[in-house]
Protein chains: 2
Amino acid sequence: MEKKIRYRKLRRDDFSIEQMAELIRKGSRVHLAKGITLIESNRLEDFHKGQELLKLLMPYTGRSIRIGITGVPGAGKSTFIEKLGTYLCQMGKKVAVLAIDPSSTVTHGSILGDKTRMEQLSKEPNAFIRPSPSAGTLGGVHRKTRESILLCEAAGYEIIFVETVGVGQNEVHVRTMVDMFLLLTITGAGDELQGIKKGIVELADGVIVTKADGENRKLAIKTKNEYNQFLKFIRPNTDLWEPKAFTCSSLTGEGIEEIWAFIEQFNHHLQENHLFHEQRKKQLKDWLLSSITERLRQSFFEHEEIKEKLPSIIEQVTEGEVPVSTAVEKMLSLYRK
Amino acid sequence: MEKKIRYRKLRRDDFSIEQMAELIRKGSRVHLAKGITLIESNRLEDFHKGQELLKLLMPYTGRSIRIGITGVPGAGKSTFIEKLGTYLCQMGKKVAVLAIDPSSTVTHGSILGDKTRMEQLSKEPNAFIRPSPSAGTLGGVHRKTRESILLCEAAGYEIIFVETVGVGQNEVHVRTMVDMFLLLTITGAGDELQGIKKGIVELADGVIVTKADGENRKLAIKTKNEYNQFLKFIRPNTDLWEPKAFTCSSLTGEGIEEIWAFIEQFNHHLQENHLFHEQRKKQLKDWLLSSITERLRQSFFEHEEIKEKLPSIIEQVTEGEVPVSTAVEKMLSLYRK
């Protein structure tokens, strides 16, 4: 009985957007999660509600450090975030994680539930973990990640980690929405990887060689030194900043303190050189342009005449009666009429 | 002097689109490359020329098997394609490869030139290799890969390989443009990888465990057997097809013949069960929908009033004077007016 009442109390419909915004600001993790779900929703009704929520919360955003964490699968991203996040929570800081939930693309089922990843961190009252299914996203970067960051900021989170799987394009995308970008790597990765990695290393403000424990520790230190050599020769992504490499063990905790000092130093560097404001301006511009594209698509596919005619056009194209380019121009002029 | 004349002769402007189409059909690799460059170009003028070229060549497309090759960096994709491709060329078949060229995202410079990858295959007169920079693409899948496939078909290529880096979203995307999808993997990949891989395995028509040579051979066979066990439990992506796992060595050539027989068997399966036509219909639908989105974006950003007003809107948004959502709606109504 109590369970039922509790469920009813939590239903989205029972709250106005104003109440939701208020509860998010007051730190309700449940409502923050609901807010993100609303923002991520594909329903038109939810879209407008989500925009309203965002408008109400905008004045309370901007006061966090946004940190992108990238690396190939198996680089130890989630254990690193868990370790560093727990360390920060225990210092009294509020930490939000927009994480990847590896999921099946065909069945859309999540393989690892949110409980099984970052178990320790998820117990911290000062932590908020939001897993996004990797299906339908770019290596874990949801098309609404930007908006989710803002919601977390309005809820008072001071450090926001955005986890992403690294292959090239994702990083460029994530780089435009965070202040700092850290590349996680392990020792002994393949040769082909090196080529792709160079482009990613150029985007990074720091490199972390993970799993520096046991027999692997020596090798990890060697890899770190190689990275430090390499980092001297690339053009840093952030003006006047010298990226550095670290080793780290999520098992022993080695390196965590040092890395946090490095992050604080970076943040200070941004503030001191007026780069913080510049970076945030760039982030806003990129957000605007990608929002336009998305809104454009939405408006097109919701256009009454398009909705009516699209099925027959698809039929004609797939039967080979009409070339794709002709169909595209036809649909576009219908939309713009 | 001769070099200069040769350069002039090859200049795009010296050829009409009709001549270009004719030369591509006659098998000129130089003109096929030029055609793809035209299709990939971001200039409006080139866009229309590219569409014209495509229209002229459309009647000669459709007669190839389109094979997507995926796997994490280091899985041995390019050496596998080189080995299989050379084998096929020596059988007298025409093979096209739309490959990834790992490139730097910041400097936009290519690290590995086209010469250094697939060196052996590139010497075959029956092979055409087109590297796409991985920067600005989705794990090597260029937004114009579909059109490039069609151009290769018009040029008479019978087997078309599309190489892609695997992390999740790319595969879903590539899956919609190929007939067959092969996952390449190595032994002993990390645990986190397994989670993401499941979704990809579900998309695959076959799994190939690479680097099955020397000390690694035994382990590769073990991994292959594990995959065969696993494949029994997943829902195959292609109707009535039972995906299988193989081992392969690009060093010794072991497995290549067997894998080609498997591909031919798959092709036969598609034809026999009328799945080929169904798959191609799906591919056309997906192409239509993604073309609409792209054309929509292009038409928006080329709109005279948008071009005029966008800079000041960007300024207002980045200075925090106007919220992103308001700016988006304003721009959209301007466009649709």
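A crossing of two helices is right-handed if the near helix is turned clockwise from the far one by less than a right angle. The legends below describe a predicted model.

**Figure 1. Helix 13 of chain A packs against helix 12 of chain B.**
The crossing of these two helices is right-handed. Helix 13 of chain A covers residues 304-318, and helix 12 of chain B covers residues 275-301. Their axes lie 9 Å apart, at an angle of about 125°. An angle between 115 and 145 degrees counts as oblique, so helix 13 of chain A and helix 12 of chain B are oblique to each other. Chain A contributes A:Leu310, A:Ile313, A:Ile314, A:Val317 and A:Thr318 from helix 13. Across from them, helix 12 of chain B offers B:Lys281, B:Leu284, B:Lys285, B:Leu288, B:Leu289 and B:Ile292. By class, this contact has 8 nonpolar, 1 polar and 2 charged residues.

**Figure 2. Helix 2 and helix 4 of chain A cross at roughly 50°.**
Helix 2 of chain A spans residues 17-25, and helix 4 of chain A spans residues 44-57. The two axes come within 9 Å. At this angle, helix 2 and helix 4 of chain A are therefore oblique to each other. Helix 2 of chain A passes helix 4 of chain A in a right-handed crossing. From helix 2 of chain A come A:Ile17, A:Glu18, A:Met20, A:Ala21, A:Ile24 and A:Arg25. They meet A:Lys49, A:Glu52, A:Leu53, A:Leu56 and A:Leu57 of helix 4 of chain A. The residues of this contact divide into 7 nonpolar, no polar and 4 charged.

**Figure 3. Helix 7 of chain B meets helix 12 of chain B.**
The axes of these helices come within 11 Å and cross at roughly 130°. Helix 7 and helix 12 of chain B are therefore oblique to each other. Helix 7 of chain B makes the contact through B:Arg146, B:Glu147, B:Leu150 and B:Glu153. Helix 12 of chain B answers with B:Arg280, B:Gln283, B:Asp286, B:Trp287, B:Ser290 and B:Ser291. The contact of helix 7 with helix 12 of chain B has 2 nonpolar, 3 polar and 5 charged residues.

**Figure 4. B:Glu147 is a buried residue in chain B.**
B:Glu147 sits in helix 7 of chain B, residues 145-154. Its relative accessibility is 5%. Buried means under 20%, so B:Glu147 counts as buried. Leaving aside neighbours within four places in sequence, B:Glu147 contacts B:Ile39, B:Leu54, B:Trp287 and B:Ser291. The C-alpha atoms of B:Glu147 and B:Gly35 are 9.9 Å apart, although the two residues are 112 residues apart in sequence.

**Figure 5. A:Ala204 is buried in a loop of chain A.**
The loop runs between helix 9 (191-201) and strand 6 (206-209) of chain A. A:Ala204 has 1% relative accessibility. Residues up to four places away in sequence aside, A:Ala204 touches A:Phe181, A:Leu183 and A:Pro243. A:Ile69 is 135 residues from A:Ala204 along the chain, yet their C-alpha atoms are separated by 9.4 Å.

**Figure 6. B:Thr86 is buried in helix 5 of chain B.**
Helix 5 of chain B holds residues 77-90. The relative accessible area of B:Thr86 is 4%. Not counting residues up to four places away in sequence, B:Thr86 touches B:Ile81, B:Gln120, B:Leu121 and B:Glu124.

**Figure 7. A:His274 and B:Leu240 are loop residues with positive phi.**
A:His274 lies in the loop between helix 11 (256-272) and helix 12 (275-301) of chain A. Phi of A:His274 is near 55°, a positive value in a residue other than glycine. A:His274 is exposed, at 62% relative accessibility. B:Leu240 lies in the loop between helix 10 (217-231) and strand 7 (244-247) of chain B. Phi of B:Leu240 is near 65°, again positive in a residue other than glycine. B:Leu240 is exposed, at 69% relative accessibility.

**Figure 8. Chain A has 14 helices and 7 strands.**
Of the 337 residues in chain A, 54% are buried. Take contacts in chain A between residues at least 6 apart in sequence: 76% join residues at least 24 apart. Chain A exposes about 15500 Å², and carbon and sulfur atoms supply 52% of it.

Conventions:
Residues numbered from 1 in each chain as written. Chains lettered and ligands numbered in written order. Predicted model: local features only at pLDDT ≥ 70, side-chain atom pairs only at ≥ 80, totals over all residues. Heavy atoms only, no water. Helix = DSSP H or I, 4+ residues; strand = E, 2+ residues; numbered from the N terminus. Buried < 20%, exposed > 50% of the residue type's maximum accessible area, 1.4 Å probe, protein only. Contact = heavy atoms within 4.5 Å. Areas by Shrake-Rupley, 256 points an atom, 1.4 Å probe, with all protein chains shown as cover. Axes fitted to C-alpha atoms, helices over the stretch in contact; angles between N-to-C directions. Parallel < 35°, antiparallel > 145°, perpendicular 65-115°, else oblique. Nonpolar A, V, L, I, M, F, W, Y, C, P; charged D, E, K, R; others polar.
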